[in-house]
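Me: I would like to go through this model by question and answer. Please start with the ligand.

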Amino acid sequence: MQYDVLIVGAGSAGLSAALTLGRCLRRVLLADGGPPRNESSPGVHGFLTRDGIRPAELLRLGHEQLRPYDSVEVQCLEIKRITREGRGFRATGVGTADDAPHTIWARRVLLATGVADILPPLPGFRELWGRGVLHCPYCHGWEVRGQPLAVYGQGRTVTGLALLVSRWSADVVVLTDGAGHLTPNARRRLRRHKIQIREERISRLVGSAANDLQHVEFADGSRLARVALFLHAPQHQRSALAEMLEARHTSKGAVWVNSELETSIRGLYAAGDTTPGTQQALLAAAAGNKAAICINESLTREECPR
Ligand SMILES: Cc1cc2nc3c(=O)[nH]c(=O)nc-3n(C[C@H](O)[C@H](O)[C@H](O)COP(=O)(O)OP(=O)(O)OC[C@H]3O[C@@H](n4cnc5c(N)ncnc54)[C@H](O)[C@@H]3O)c2cc1C
């Protein structure tokens, strides 16, 4: 199958790119490999006109609005491998519903494959992720404002996040789960903002049936009642496709892109969480839109040589 553009990933970035490329009458395959990063969250916040919408509903609307654009094909497909072929790319994948193999040829590829968060291996973190365990106060701070909050982590990362979170609540406790590696200056700054520090080992997080946090349990059996815990979790790329193609990555593991959202591999573009910068659904959608425009202009230059 031959396409102008293969878009890998149907989250905010991929769907938005597909919409713009459909409006350019481009022949597009959107490979939808599964759920988005925020699948476990009850609501997407801060998305203009859609504040609080369920993540699945946001994507459903995105798919629905692709329907009028006949040149856009959506397939439940996980792309496993991409290689350069001629002036384009050959991709192979498998259907996520039927395991059927697919081979695709496309002139350009957009990676909109997102990232995955690596949570501490303690009981409760994975289970409460997106409800009682939160990654970002811009996304969820308002929902837990004024309530007892915890911030988990060590060193500079936890200090910065705790100071940020203290904007939403005056009752913030830093939990370092062992040695906190906090400098005297960090301790002073936290103290100045009335943020307590607890360096005991944590044994688990206990939540309600709805996955809200109820309390943090320490190794000695003592408990701390909290309604939510924030942390900056390390991340990894959801897909190794950019790495397979030997595209440049930043020191933090993001796929490097230039101002046109093209990676270090000609014709291979990337947008959304997979690239460096602030990670928000609206920004991912905006990046998908921009990548689509850059791709369409690059295809137009190829079709209309000087
Ligand atoms: C718990 C949680 C809550 C959040 N809440 C908010 C919020 O309230 N507001 C906000 O703005 N942001 C929020 N975010 C951030 C937001 O989820 C991301 O910024 C946004 O999802 C990024 O969109 P994306 O399209 O880049 O990636 P994603 O939405 O993660 O989409 C990537 C897609 O690519 C697919 N994929 C990966 N590899 C392949 C492959 N090989 N083949 C085919 N498909 C593939 C994945 O299955 C996925 O569907 C939250 C994040 C988390 C973790």
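Me: How far does a backbone N or O atom of alanine 13 lie from an oxygen atom of the ligand?
Reply: The model is predicted, and the distances are computed from it. A polar contact is a pair of N or O atoms within 3.5 Å. For a backbone N or O atom of alanine 13 and an oxygen atom of the ligand, the distance is 3.0 Å.

Me: What percentage of the accessible area that the ligand has on its own does the protein cover?
Reply: Backbone N or O atoms also approach ligand oxygen atoms at proline 35, at 3.1 Å, and at histidine 45, at 2.7 Å. On its own, the ligand has 1000 Å² of accessible area. The share covered by the protein is 98%.

Me: Which element gives the most to the shell around the ligand?
Reply: Helix H1 (12–23), strand E3 (72–85), helix H4 (137–140) and helix H8 (281–303) each supply at least two residues of the shell. With three residues, the element that gives the most is E3.

Me: How many residues of the shell around the ligand are charged?
Reply: There are 37 residues around the ligand, and among those that come nearest are Arg238 and Asp273. The shell has 14 nonpolar and 18 polar residues. The number of charged residues is five.

Me: Where does the ligand lie with respect to domain 1 and domain 2?
Reply: The domain assignment gives domain 1 (2–116 + 234–303) and domain 2 (119–231). Their C-alpha centres lie 33 Å apart, and the contact takes seven residues from domain 1 and nine residues from domain 2. Both domains give residues to the shell around the ligand, so the ligand lies between them.

Me: Is serine 239 buried or exposed?
Reply: Serine 239 is in the loop between strand E15 (235–237) and helix H7 (241–244). A polar atom of its side chain lies 3.0 Å from the backbone nitrogen of leucine 241. Its relative accessible area is 18%, and the cut-off is under 20%, so serine 239 is buried.

Me: What is the relative accessible area of lysine 194?
Reply: Most residues other than glycine have a negative phi. Phi of lysine 194 is positive, near 60°, and the residue is in the loop between helix H6 (184–192) and strand E10 (196–198). Lysine 194 is exposed, and its relative accessible area is 68%.

Me: What value is phi of asparagine 211 near?
Reply: Asparagine 211 lies in the loop between strand E11 (202–207) and strand E12 (213–218). With a relative accessible area of 29%, asparagine 211 is partly exposed. Its phi is positive, near 70°.

Terms used. Residues are numbered from 1 along each chain as its sequence is written. This is a predicted model: local features need pLDDT of at least 70, side-chain atom pairs count only at pLDDT 80 or more; totals for chains, interfaces and linings use all residues. Side-chain values use heavy atoms; hydrogens and water are left out. A residue is near a molecule or strand if one of its heavy atoms lies within 4 Å of it. A polar contact is a pair of N or O atoms within 3.5 Å; within protein, one must be able to donate a hydrogen and the other to accept it, and residues adjacent in sequence count only if both atoms are side-chain atoms. Accessible areas come from the Shrake-Rupley method with a 1.4 Å probe; for residues, only the protein chains shown count as cover. Helices (H or I, at least four residues) and strands (E, at least two) are DSSP runs, numbered from the N terminus. Ala, Val, Leu, Ile, Met, Phe, Trp, Tyr, Cys and Pro count as nonpolar, Asp, Glu, Lys and Arg as charged, and the others, Gly among them, as polar. Domain bounds come from an automatic or database domain assignment. Buried means under 20% relative accessible area, exposed over 50%, partly exposed in between (1.4 Å probe, protein chains only). Contact means heavy atoms within 4.5 Å.
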